Amino acid sequence: MRPDRRRPAAPSLGNLLDLARTHHPDADTAPIAHAHDEAALWHAGQTRRSGDPLLTHCLAVAVIVAEVGMPPYVICAALLHDIVDTHCPPGRVSAYFGSEVADLIHAVRTAELSALPLESLTCDRAGPAARPTREEAVLAIRLADRLHNMRTIAFVAPAKQHRKARETIDILAPLARAAGLTEVSRELHDLSAAVLQPTTSSSGVNPRLLTLLTWLLPAPHRARWQEEWHAELATLPTRRTRIRFTLRVLLGTPGLSLTLRRPLWRERRW
């Protein structure tokens, strides 16, 4: 299933459960809701460089994993893939979600992607009876993690942006293509290319302008719109379309800012 490049930065649990039921209508999705609550508990107070709660990243990764048809236990592992960086007690994940989920989380953290058997990977296994191999599940979560990180790469220091983009375009995008995740591969490639070959050199479009424009928006909304604008700019194929998109954002941002601030004004009046 094709990931929606214009999806908001913070998908909801409801969206995630709907995706899981679409591909696995007979599966029990209660563990997914439980995993979401567990991630919310242990990641409480943790934020990303964008200022967003870390839980938004966990949800975004899980949504991408669900979009490509992975079953509920893999979605649970995606929601919990960063829980080892919290004070969650050892053994809790295994006790609550089973050893398969716990082992998968460990493998996601430790697996060498270069060691995965490319000839046997087929991650696009959407369907009620689909059950991925351990390697396929690991790869799906790692690719989803990198894809969301690339969508929010603007918040990372320039040197790290370049390093991650190079690794993505050389290793992860080809892995996604080999596993049959064509759209994931294409988006990874496009986002990385935008970092390695900024559009300013060929089109006169500076992605930093989009970042600056977000400062006209209310603080709670900046990360979402910056992610969406940068992701959209990276996918546009020509100089003309990139310039046209940037001008449209430039002209529309003041109105968007007013729209987003109106609820705040109403609250203050009351």
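**Exercise 1. A loop residue**

In which loop does Thr 86 lie?

*Solution.* The model is predicted: local features require pLDDT of at least 70 and side-chain atom pairs pLDDT 80 or more, whereas totals for chains, interfaces and linings use all residues. Residues are numbered from 1 along each chain as its sequence is written, and side-chain values use heavy atoms, with hydrogens and water left out.

Step 1. Helices are DSSP runs of H or I with at least four residues, strands are runs of E with at least two, and both are numbered from the N terminus. Thr 86 lies in the loop between helix 4 (72-79) and helix 5.

Step 2. Burial is judged by relative accessible area: under 20% is buried, over 50% exposed, and in between partly exposed (1.4 Å probe, protein chains only). Thr 86 has 14% relative accessibility and therefore counts as buried.

Step 3. Gln 46 is 40 residues from Thr 86 along the chain, and their C-alpha atoms are separated by 9.1 Å.

**Exercise 2. The overall fold**

State how many helices and strands the protein chain has, and what percentage of its residues is buried.

*Solution.* Step 1. The protein chain has 13 helices and zero strands.

Step 2. Buried residues account for 49% of the 270 residues in the protein chain.

**Exercise 3. Cysteines**

Determine how many disulfides the model contains.

*Solution.* Step 1. The criterion is a pair of cysteine sulfur atoms within 2.5 Å. By this rule there are zero disulfides.

Step 2. Burial of the cysteines can be examined separately. Cys 58 is buried, with a relative accessible area of 0%, and Cys 76 is buried at 2%.

**Exercise 4. Helix 12 and its aromatic pair**

Identify the aromatic pair, classify its geometry and describe the helix that carries Trp 225 and Trp 229.

*Solution.* Step 1. Rings of Phe, Tyr and Trp (its six-membered ring) pair if their centres lie within 6.5 Å; planes under 30 degrees apart are stacked, over 60 edge-to-face, and the rest tilted. One aromatic pair results from this rule. The ring centres of Trp 225 and Trp 229 are 6.0 Å apart and the planes stand at 45 degrees, so the pair is tilted.

Step 2. Both residues belong to helix 12 (residues 219-235), where they are four residues apart, about one turn of the helix. Trp 225 and Trp 229 are both buried.

Step 3. The expected span of a helix is 1.5 Å times one less than its number of residues. For the 17 residues of helix 12 this gives 24 Å, and the end C-alpha atoms are 26 Å apart, which agrees.

Step 4. Leu 233 is also found in helix 12 and is buried, with a relative accessible area of 3%. Its C-alpha atom is separated by 9.0 Å from that of Leu 191, 42 residues apart along the chain.

**Exercise 5. A charge over a ring**

Find which residue lies over the face of Tyr 96.

*Solution.* Step 1. The test requires NZ of Lys or CZ of Arg within 6 Å of the ring centre and within 35 degrees of the ring normal.

Step 2. Arg 92 lies over the face of Tyr 96, at 4.4 Å from the ring centre.

Step 3. Val 93 is placed in helix 5 (residues 92-97) and counts as buried at 10% relative accessibility.

**Exercise 6. Empty space and helix 3**

Describe the largest pocket, the second largest cavity and the burial of helix 3.

*Solution.* Step 1. On a 1 Å grid over the protein atoms alone, a cavity is a set of points where a 1.4 Å probe fits but cannot get out; a pocket is an open set with protein on both sides within 12 Å along at least five of seven lines, and lining residues have an atom within 4 Å of a point. Points are joined across faces, edges and corners, and volume is the space filled by probe spheres set on them.

Step 2. The largest pocket has a volume of about 830 Å³. Its lining comprises 30 residues, of which His 57, Asp 145, Arg 146, Asn 149 and Lys 164 lie nearest the centre. Helix 7 supplies the largest share of this lining, six residues.

Step 3. There are two cavities of 30 Å³ or more. The second largest cavity holds about 50 Å³; its lining includes Ile 64, Val 65 and Leu 143. Helix 7 gives the most to that lining, with three residues.

Step 4. In helix 3, 14 of the 14 residues are buried, so this helix is largely enclosed by the rest of the structure. Gly 69, which follows helix 3, has a positive phi near 95 degrees.
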